[in-house]
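User: I have a structure open and would like to go through it piece by piece. Could you help me read it?
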Amino acid sequence: AAGIPALRMNADSLRRTTGFFPWRQVVIGLLELRGTESVDEVVGKLSALLSDDPEALELLPLLTPVLTVVIPDTPLTAPLYGGGRADKTQAVIVALLKTFLGTEPQVLIVEDAHWFDSASWQLLERFARARPNVSITIVARPLDRDLLPFEARLLLDRPDALTIRLEPFSRADSAELINASLGVVESAAAIVDLVYRHAEGHPLFTAALALSLRDQGLLVLDGGYAHLRLGEKGMAQIAFPDGV
């Protein structure tokens with residue numbers, strides 16, 4: 001387990017109502033599934049991994065939401081529905097991850113968590129309680145806590161949780177990013193003002209707008225310095241493409 005790299009999952013805006021969807025990335029990666037395996041092959045791999053957990057073996061069909069195949073329900077899993085089925089699904093996923101992670105310190109990176117479905121939040125909170133050796137990094141746009149499920153608030157309100165809020169870049173920070181994007185030592189104040197006014201400190205937009213000016217031929221890059229080709233009087237003629 002010590003050799004396992006940081007685990008990573010990405011939520012998807014198009015699948016935000018699909019239960020447990022972000023966890024597919026983790027489980028499929030750990031199982032090294034290519035998507036071409038048969039149901040029997042996947043069941044065989046899972047059975048070998050969970051051989052020491054009889055209860056989990058009986059619940060293999062519940063892993064279907066995080067696999068590349070559909071494992072048919074058994075007489076034990078078929079009657080399960082609603083909250084009871086979700087609870088058992090969480091339990092068997094945690095049991096499966098336990099076989100991979102062991103007790104060595106690990107890292108789980110959760111990106112775009114603002115698109116997490118409720119079931120995935122519940123599983124993440126349960127996983128955090130079951131595997132305290134795993135450090136969880138959650139990357140998300142500002143979350144409306146009133147709309148989050150109870151388990152999400154539990155997780156984010158834990159005393160050991162550290163929240164780092166990324167604020168927009170200042171003008172000085174934007175200037176440094178513009179210089180780095182253009183490969184210059186310094187950019188004219190008019191360039192920085194123009195980009196900062198439009199990008200409002202957003203780093204991705206700042207870099208994209210600076211490169212847009214360059215690609216439109218509106219900048220002169222000379223001796224490590226960037227100047228507006230049109231001069232400040234021509235700034236009114238500058239338009240950024242909608243794609244930015």
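User: In what order do the three strands of the open sheet come, and how do they pair?
Analyst: This is a predicted model, and in it the three strands of the open sheet follow the order β4-β6-β5, with mixed pairing. Strands β4 and β5 stand at the edges with a single partner strand each, so one side of either strand is left without a neighbour in the sheet.

User: How many bridges join β4 to β6?
Analyst: Two bridges join them, and the two strands run parallel. As one of the pairs, E186 has Y225 in β6 as its bridge partner.

User: What holds strands together in general?
Analyst: Strands of a sheet pair through backbone hydrogen bonds, and this can happen in the parallel or the antiparallel way.

User: Staying with β5, is L221 buried, partly exposed or exposed?
Analyst: L221, which lies in strand β5, counts as partly exposed, since its relative accessibility is 40%. Leaving out residues up to four places away in sequence, L221 touches L182, V184, R214 and A226. As for L182, it sits 39 residues from L221 along the chain, and yet the C-alpha atoms of the two are separated by 8.3 Å.

User: L182 is in a helix, right? Which residues of α7 are buried?
Analyst: The buried residues of α7 are S174, A175, I178, N179 and L182. If you look down the axis of α7, these buried residues fall within an arc of 140°, so they line one face of the helix. On the face turned away from that buried side you find the exposed residues E176 and A180.

User: Why would residues a few places apart end up pointing the same way?
Analyst: An α-helix has 3.6 residues a turn, so residues three or four places apart point the same way.

User: And what covers the buried residues of α7?
Analyst: The cover includes the strands β4, β5 and β6 together with the helices α8 and α9. As for the helix itself, α7 runs over residues 171-182 and reaches 16 Å from its first C-alpha to its last, which is close to the 16 Å expected for its 12 residues. After α7 comes G183, which has a positive phi near 70°.

User: You mentioned α9, so what do its buried residues pack against?
Analyst: They pack against α7, α8 and β5. The buried residues in question are T206, A207, L209, A210, S212 and L213. The 13 residues of α9 should span 18 Å, and the end C-alpha atoms are indeed 18 Å apart, which agrees. Just after α9, G217 takes a positive phi of about 75°.

User: Which sign does phi mostly have in residues other than glycine?
Analyst: Most residues other than glycine have a negative phi. In this model E200 has a positive phi of about 55° although it is not a glycine, and E32 has a positive phi near 55° as well.

User: Where is E200, and is it buried or exposed?
Analyst: E200 is placed in the loop between α8 and α9, and with a relative accessible area of 61% it is exposed. E32 lies in the loop between α1 and α2, and it is exposed too, with a relative accessible area of 62%.

User: New topic: what is the volume of the largest pocket?
Analyst: The volume of the largest pocket is about 1300 Å³. It is lined by 34 residues, of which I138, V139, A140, T163 and I164 are the closest to its centre.

User: Which element gives the largest share of that lining?
Analyst: That is β3, which supplies five residues of the lining. At least two residues each come from β3, α6 and α9.

User: Now β1, which side chains point to which face?
Analyst: The side chains alternate along β1, with L7 and M9 pointing to one face, where they are buried, and R8 and N10 pointing to the other, where they are not. Strand β1 pairs with β2 in the parallel sense over four bridges, and M9 has V110 of β2 as its bridge partner.

User: Last one: what does S120 contact?
Analyst: Leaving aside neighbours within four places in sequence, S120 is in contact with F20, F21, P22 and W23. S120 has its place in helix α5 and is buried, with a relative accessible area of 0%.

Methods: Residues are numbered from 1 along each chain as its sequence is written. This is a predicted model: local features need pLDDT of at least 70, side-chain atom pairs count only at pLDDT 80 or more; totals for chains, interfaces and linings use all residues. Side-chain values use heavy atoms; hydrogens and water are left out. The expected span of a helix is 1.5 Å times one less than its number of residues. Buried means under 20% relative accessible area, exposed over 50%, partly exposed in between (1.4 Å probe, protein chains only). The arc is that of the directions from the helix axis to the C-beta atoms. Contact means heavy atoms within 4.5 Å. Two strands pair if DSSP finds at least two bridges between them. On a 1 Å grid over the protein atoms alone, a cavity is a set of points where a 1.4 Å probe fits but cannot get out, and a pocket is an open set with protein on both sides within 12 Å along at least five of seven lines; lining residues have an atom within 4 Å of a point. Grid points are joined across faces, edges and corners, and a volume is the space filled by probe spheres set on the points.
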